[in-house]
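Reader: I am new to protein structures and keep meeting terms such as salt bridge and buried. Could you show me how such labels are earned?

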Amino acid sequence: MRYDSPGQQVWRRFRKNGAAMSGLAVIALAILVALCCTVIRSDESPEANRICLPIGNQRPGFTSDFLLLRKNQEAMVPGLWQKFWNGTPDSMQWVAVSDWRIASDTVFYHEWSQDALLPEQFVLLAEAVWPILDPHQLVNTDGKWSARDVYGTIRTSSTEELRTTFGEHQVTRRTFLLGTDRYGRDMLSRLLTGTRITFFVGLVAVVIALLVGVTLGSLAGFFRGRIDRFILWLINVTWSMPTLLLVIAITLLLGKGFSQVFIAVGLTLWVDVARLVRGQIFSVREQEFVTAGRALGYKNARVIFRHILPNIAGPVLVVAAANFSTAILLEAGLSFLGIGAQPPTPSWGAMIKENYGYIILPGTAYLAVLPGLAILLLTLAFTFVANGLRDALDSRQQLLSA
């Protein structure tokens, strides 16, 4: 007869819950997107903040050609980790065009416009090409363009070679699957990047809440007496304050910014954890294994962290999953109020704030609806997982499945 460990039994019951498994799949997908968003998004710039005002508020499926023209200043080359985590700064100027042509040594183009055809603009071909020639050291001798390249060596190119290079490497077509926002930024890229912001804030906030809540709850439940009364008073005072107002007060005290958000959220979510841990330790501190640990001369810290906490880890895990969804909502609310993650960081709450005015306009409501749906989907996912864990760890469910 095969014997399943308690963990395997919990996992077997958890798998039978379709909503919980669906939520777990959504969370796994969100983790994958958060880790790889700079690789899979079409906007490689930091924070997916490539602004192109002429193509602002375009509908999903919009396609445009872009000329990549040399900037006056050179972009910093990021390291491998910075490139993976934050993106690559644009070394070129992205110009949306309706049409373009090359005549002689000049590139002529019409910048994209929704209403009317703008006057034709132009730029010298040799000054536009990158990275072959440096325009500051450009020399034209009998139709040959000579200058130092990015590696510092002298390179000579004909006008025809410049045309070929420009057409192959500096003209690109992009399709915006979810359209663009008011600043012409790719909506899909910013939604993907917002997954990382939201997930990271929720994760760090939950870790802070666990550290504070488990520590205070353990001290209150194990030692009782004055320590318990003081911690219980602190819990009741914190519990009596509205969560959002408390988060706002802590945020204003710490200042605006991304790092301040998860500290403020974490310092308000510890109450549920502390109350649960305190109550659970009350129920197990007089059991035989705790008495045996004391009789063997183990220190109180070892009894708590090596013997008591592992036996109450299940309920704590359920509360942590529920707090994750609360942290997501709090972060979105703070960003919507303008005291959370600051622009151009693509937080979902900040994206709703930027575009909520378009909800009443035909064809543009998706700008605010899409980040709202993302918040709803991820919050529901953690709620379903928390409910599934609660049911899988329930002793009555264990008796029914036995």
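**How the labels are earned**

Author: Gladly! Let's start with R185 and E354, which form a salt bridge whose closest N and O atoms are 3.3 Å apart. Please keep in mind that this is a predicted model.

Reader: What makes the pair R185 and E354 a salt bridge?

Author: The label asks for a side-chain nitrogen of Lys or Arg within 4 Å of a carboxyl oxygen of Asp or Glu. Here the closest N and O atoms are 3.3 Å apart, so the pair R185 and E354 qualifies.

Reader: Why can we say that R185 and E354 tie together parts of the chain?

Author: R185 lies in the loop between β8 and α6, while E354 lies in helix α14 (residues 348–355), so the salt bridge links parts that are 169 residues apart in sequence. Both R185 and E354 are buried, too.

Reader: Which helices does the salt bridge between D228 and R278 connect?

Author: The side chains of D228 and R278 meet at 2.6 Å, N to O. D228 belongs to helix α7 (residues 225–240) and R278 to helix α10 (residues 270–284), so parts 50 residues apart in sequence are tied together.

Reader: How do you know whether D228 and R278 are buried or exposed?

Author: Buried means under 20% relative accessible area. D228 has 9%, so D228 is buried. R278 has 17%, so R278 counts as buried as well.

Reader: And R173, is that residue buried or exposed?

Author: The cut-off for exposed is over 50%. R173 has 57% relative accessibility, so R173 counts as exposed. R173 also forms a salt bridge with D65, the closest N and O atoms being 2.8 Å apart. R173 sits in strand β8 (residues 171–176) and D65 in strand β1 (residues 62–70), so this pair ties together parts 108 residues apart in sequence.

Reader: How many salt bridges are found in the whole structure?

Author: A search of the whole structure finds 11.

Reader: Why is L244 called partly exposed?

Author: Partly exposed covers the range between under 20% and over 50%. L244 has 37%, so the label fits. L244 is found in helix α8 (residues 243–254).

Reader: What makes L244 eligible for a nonpolar surface patch?

Author: A patch residue needs over 30% relative accessible area. L244 has 37%, so L244 passes that test. The patch covers about 690 Å², and its members include L244, F336 and Y356.

Terms used
Residues numbered from 1 in each chain as written. Predicted model: local features only at pLDDT ≥ 70, side-chain atom pairs only at ≥ 80, totals over all residues. Heavy atoms only, no water. Patch = residues over 30% accessible without salt bridge, like charges linked within 9 Å, V, L, I, M, F, W, Y side chains within 5 Å. Areas by Shrake-Rupley, 256 points an atom, 1.4 Å probe, with all protein chains shown as cover. Helix = DSSP H or I, 4+ residues; strand = E, 2+ residues; numbered from the N terminus. Buried < 20%, exposed > 50% of the residue type's maximum accessible area, 1.4 Å probe, protein only.
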